[in-house]
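Me: Hello! I am new to this structure and would like to learn how to read it. Could you take me through some of its features?

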Amino acid sequence: IYNLHQKNGFTCMLIGEIFELMQFIFVVAFTTFLISCVDYDILFANKAVNHSQHPSEPIKVTLPDAFLPPNVCSARIQANSFLICILVIAGVFWIHRLVKFIYNICCYWEIHSFYINALKIPMSTLPYYTWQEVQARIVQIQKEHQICIHKKELTELDIYHRILRFKNYMVAMVNKSLLPIRFRLPLLGDTVFYTRGLKYNFELIFFWGPGSLFENEWSLKAEYKRAGNRLELAEKL
């Protein structure tokens, strides 16, 4: 619900997802083209260009001169086994993104229906609603329809806890020095190392990987709720 509001409705989220898929194809195709379909000796004037049609004119290198013919380009791609392997991996990743896109669209459509039918907010006017106004309607809907079964009444704090649940876990683990993000380097002393890649791996381990603590986006696995299993589970993790 929060993401749909922040991204200005179903249509904007749909277009954004489509453009992400197209962007990935463009980046892979353009990188492949630069690797296999450009003669860099001509581009950087290390090799003379043969302009046989106009021999009297001064030689001027243009971009099309550096582009290899399609058959040569195709042959170079097929001869590069490493590049083919990378393209196969990229293709598998793109198919995974496509499946996730279809799943996300189904979820977005359910939330779209919730906005229209339960919150009485049409998509055309959603950008003009503040999040506080949407949140107030969610709190009111809870009183009428019990959309959250764990509590009779919701508060704004409950909603923020749900939205920021995983971020709060990460902040707490950093505050308690449970994550290895500080290193002592010679001369420089304590240094914080917390890249996007490291953050991605932490989230994979804790929240949505195959061995994570959660069985879905909001519920811990049953074994993690038992205090007696704590040390054993910590060692396994």
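Me: Where is Gly9 found?

Reply: Happy to help! Keep in mind that this is a predicted model. Gly9 lies in the loop between helix 1 and helix 2.

Me: Is Gly9 buried or exposed?

Reply: The idea is to look at relative accessible area, where under 20% counts as buried. Gly9 has a value of 1%, so it is buried. Leaving out residues up to four places away in sequence, Gly9 touches Leu4, Met123 and Leu126.

Me: How far apart are Gly9 and Gln146 in space?

Reply: Sequence and space are two separate readings here. Along the sequence, 137 residues separate Gly9 and Gln146, and their C-alpha atoms are 24 Å apart.

Me: Now for the helix after that loop. How many residues does helix 2 have, and what is its reach?

Reply: A helix can be checked against an expected rise of 1.5 Å a residue. Helix 2 covers residues 10-36, which makes 27 residues, and its first and last C-alpha atoms are 39 Å apart, close to the 39 Å expected.

Me: Which residues of helix 2 are buried, and what covers them?

Reply: A helix has 3.6 residues a turn, so residues three or four places apart point the same way. In helix 2, the buried residues are Phe10, Met13, Glu17, Leu21, Thr32 and Ser36. Their cover includes helix 1 (2-6), helix 5 (70-79) and helix 6 (81-117).

Me: Which residues does the UniProt annotation "transmembrane region" cover?

Reply: An annotation comes from a record, and we can set it beside the model. The unreviewed UniProt entry gives residues 12-35 and 77-95 this label. In the model, residues 12-35 are 100% helix and 0% strand, with end C-alpha atoms 34 Å apart. For residues 77-95 the figures are 95% helix and 0% strand, and the end C-alpha atoms are 21 Å apart.

Me: How do helix 9 and helix 10 cross?

Reply: For a pair of helices, read the distance and angle between their axes, then the handedness. The axes of helix 9 (residues 165-175) and helix 10 come within 11 Å and cross at roughly 115 degrees. The crossing is right-handed. Helix 9 contributes Phe166, Tyr169, Met170 and Met173 to the contact, while helix 10 brings Phe202, Phe206 and Phe207. By class, this contact has 7 nonpolar residues, with no polar and no charged ones.

Me: One last residue: where is Ser219, and is it buried or exposed?

Reply: Ser219 sits in the loop between helix 10 (196-208) and helix 11 (230-236). Its relative accessible area is 14%, so Ser219 is buried. Apart from neighbours within four places in sequence, Ser219 is in contact with Arg165, Phe214 and Lys225.

How values were computed
Residues are numbered from 1 along each chain as its sequence is written. This is a predicted model: local features need pLDDT of at least 70, side-chain atom pairs count only at pLDDT 80 or more; totals for chains, interfaces and linings use all residues. Side-chain values use heavy atoms; hydrogens and water are left out. Helices (H or I, at least four residues) and strands (E, at least two) are DSSP runs, numbered from the N terminus. The expected span of a helix is 1.5 Å times one less than its number of residues. Buried means under 20% relative accessible area, exposed over 50%, partly exposed in between (1.4 Å probe, protein chains only). Contact means heavy atoms within 4.5 Å. UniProt positions are given in the numbering used here, feature names are shortened, and annotations may be inferred rather than shown by experiment. Axes are lines fitted to C-alpha atoms, for helices over the stretch in contact, and angles run from 0 to 180 degrees between N-to-C directions. A crossing is left-handed if the near helix is turned anticlockwise from the far one by less than a right angle, and right-handed if clockwise. Ala, Val, Leu, Ile, Met, Phe, Trp, Tyr, Cys and Pro count as nonpolar, Asp, Glu, Lys and Arg as charged, and the others, Gly among them, as polar.
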